[in-house]
Amino acid sequence: LLATYARYGERMFDALRGMYAFALWDARRGAMLLARDPNGIKPLYLADDGWTVRIASQVKALRAGGRVSSTIEPAGLVGFALFGSVPEPFTLLQEVRSVPAGHFIWVDECGPRLAVRHFSIAECFRDFETPVADPAGVALAAVRNSVDAHLIADVPVGAFLSAGVDS
């Protein structure tokens with residue numbers, strides 16, 4: 001990840017594949033880069049009280065420090081009531097926001113900047129060439145490609161299980 005950032009900077013996201021959420025400190029820029037994978041599989045949250053920016057992969061971790069307000073975010077609550085989930089970048093807490101899926105955010109001495117989209121699933125579907133001559137073949141090739149990518153590791157791989165209900 002660090003070598004990819006050193007080589008490509010913000011253009012690194014075209015070279016990344018899979019699920020990720022990370023914070024990377026750029027000493028030359030004096031800023032922290034927060035980024036989240038295109039599908040939003042890995043969560044990343046930030047809380048900014050105007051003095052301190054806190055980041056974590058869970059909202060409860062931000063709350064555990066005792067410095068993040070428990071004031072309810074109306075947009076998050078309404079979104080949950082309407083859609084059954086909280087729309088990004090909102091959470092149920094007013095001070096906490098998520099880094100939206102497929103976005104990155106720079107945080108510097110002035111605080112978090114606006115989120116920048118590096119990937120859009122909607123644009124992929126919009127730009128997809130249709131019709132596909134062999135949709136089953138395309139799907140099979142995509143599955144094989146994904147499995148092959150998951151078999152790459154620093155150690156021998158026997159199985160890749162997330163331990164979730166779907167596994």
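Let's start with a pair of charged side chains: Arg-113 and Asp-108 form a salt bridge, with their closest N and O atoms 3.0 Å apart. The model you are looking at is predicted, and this pair is a good way into it. Arg-113 is partly exposed, at a relative accessible area of 40%, and Asp-108 is partly exposed too, at 27%.

**Charged pairs**

How many salt bridges does the structure hold? There are six. Side chains of opposite charge can pair when their charged atoms come close. Here are some of these pairs, with the N to O distance for each.

| Salt bridge | Closest N and O atoms |
|---|---|
| Arg-54 and Asp-49 | 3.4 Å |
| Arg-113 and Asp-108 | 3.0 Å |
| Glu-123 and Arg-117 | 2.7 Å |

How accessible are the partners? Asp-49, which pairs with Arg-54, is partly exposed at 33% relative accessible area. In the pair of Glu-123 and Arg-117, Glu-123 is partly exposed at 29%, and Arg-117 is partly exposed at 48%.

**The whole protein**

Now step back and look at the overall picture. The protein has five helices and eight strands. Reading from the N terminus, the order of the elements is α-β-β-β-β-α-α-β-β-β-β-α-α. The C-alpha trace spans about 55 × 45 × 35 Å along its principal axes. Of the 167 residues, 26% are buried. The exposed area of the protein is about 11600 Å², and 58% of it comes from carbon and sulfur atoms. Of the contacts between residues at least 6 apart in sequence, 37% join residues at least 24 apart.

**The nonpolar core**

Which residues make up the largest nonpolar core? It has eleven: Tyr-5, Met-12, Phe-13, Tyr-20, Phe-22, Leu-24, Ala-31, Leu-33, Ala-35, Phe-104 and Trp-106. Strands E1 (21-26), E2 (31-36) and E6 (103-108) are the elements that give two or more residues to this core. E2 gives the most, with three residues. In soluble globular proteins, nonpolar side chains tend to be buried together.

Ala-35 is a good core residue to click on. Apart from its neighbours within four places in sequence, Ala-35 touches Phe-13, Tyr-20, Ala-21, Phe-22, Leu-44, His-103 and Phe-104.

**Two buried polar residues**

Next, find Asp-37, in the loop between E2 and strand E3 (45-48). Is Asp-37 buried or exposed? Asp-37 is buried, with 0% relative accessibility. What does its side chain reach? A polar atom of the Asp-37 side chain lies 2.8 Å from the backbone nitrogen of Gly-40, and one lies 2.9 Å from the backbone nitrogen of Ile-41. Beyond its neighbours within four places in sequence, Asp-37 is in contact with Gly-18, Met-19, Tyr-20, Lys-42, Ala-101 and Gly-102. Asp-37 and Val-99 are 62 residues apart in sequence, while their C-alpha atoms are 9.8 Å apart in space.

His-118 sits in the loop between strand E8 (116-117) and helix H4 (121-127). His-118 counts as buried because its relative accessible area is 16%, under the 20% cut-off. The His-118 side chain reaches the backbone oxygen of Arg-36 at 3.1 Å. Leaving out neighbours within four places in sequence, the contacts of His-118 are Phe-13, Tyr-20, Arg-36, Pro-38, Gly-102, His-103 and Phe-104.

**Around helix H3**

Finally, have a look at helix H3 and what surrounds it. At the start of H3, a side-chain oxygen of Glu-73 comes within 3.2 Å of the backbone nitrogen of Ala-75. After H3 comes Gly-84, with a positive phi near 80°. Further along, a cis peptide bond joins Glu-88 and Pro-89, with omega about 10°. Pro-89 belongs to the loop between H3 and E5. Most residues other than glycine have a negative phi, and most peptide bonds are trans.

Leu-92 is in the loop between helix H3 (74-83) and strand E5 (96-98), and is partly exposed at 38% relative accessibility. Which residues make a nonpolar surface patch of about 370 Å²? Leu-92 does so together with Ile-72, Leu-77 and Phe-80.

Methods:
Residues are numbered from 1 along each chain as its sequence is written. This is a predicted model: local features need pLDDT of at least 70, side-chain atom pairs count only at pLDDT 80 or more; totals for chains, interfaces and linings use all residues. Side-chain values use heavy atoms; hydrogens and water are left out. A salt bridge is a side-chain nitrogen of Lys or Arg within 4 Å of a carboxyl oxygen of Asp or Glu. Buried means under 20% relative accessible area, exposed over 50%, partly exposed in between (1.4 Å probe, protein chains only). A nonpolar core is a set of buried Ala, Val, Leu, Ile, Met, Phe, Trp, Tyr and Cys residues joined through side-chain atoms within 4.5 Å. Helices (H or I, at least four residues) and strands (E, at least two) are DSSP runs, numbered from the N terminus. Contact means heavy atoms within 4.5 Å. Patches are made of residues with over 30% relative accessible area and no salt bridge: like charges are joined within 9 Å, nonpolar side chains (Val, Leu, Ile, Met, Phe, Trp, Tyr) within 5 Å. Accessible areas come from the Shrake-Rupley method with a 1.4 Å probe; for residues, only the protein chains shown count as cover. A polar contact is a pair of N or O atoms within 3.5 Å; within protein, one must be able to donate a hydrogen and the other to accept it, and residues adjacent in sequence count only if both atoms are side-chain atoms.
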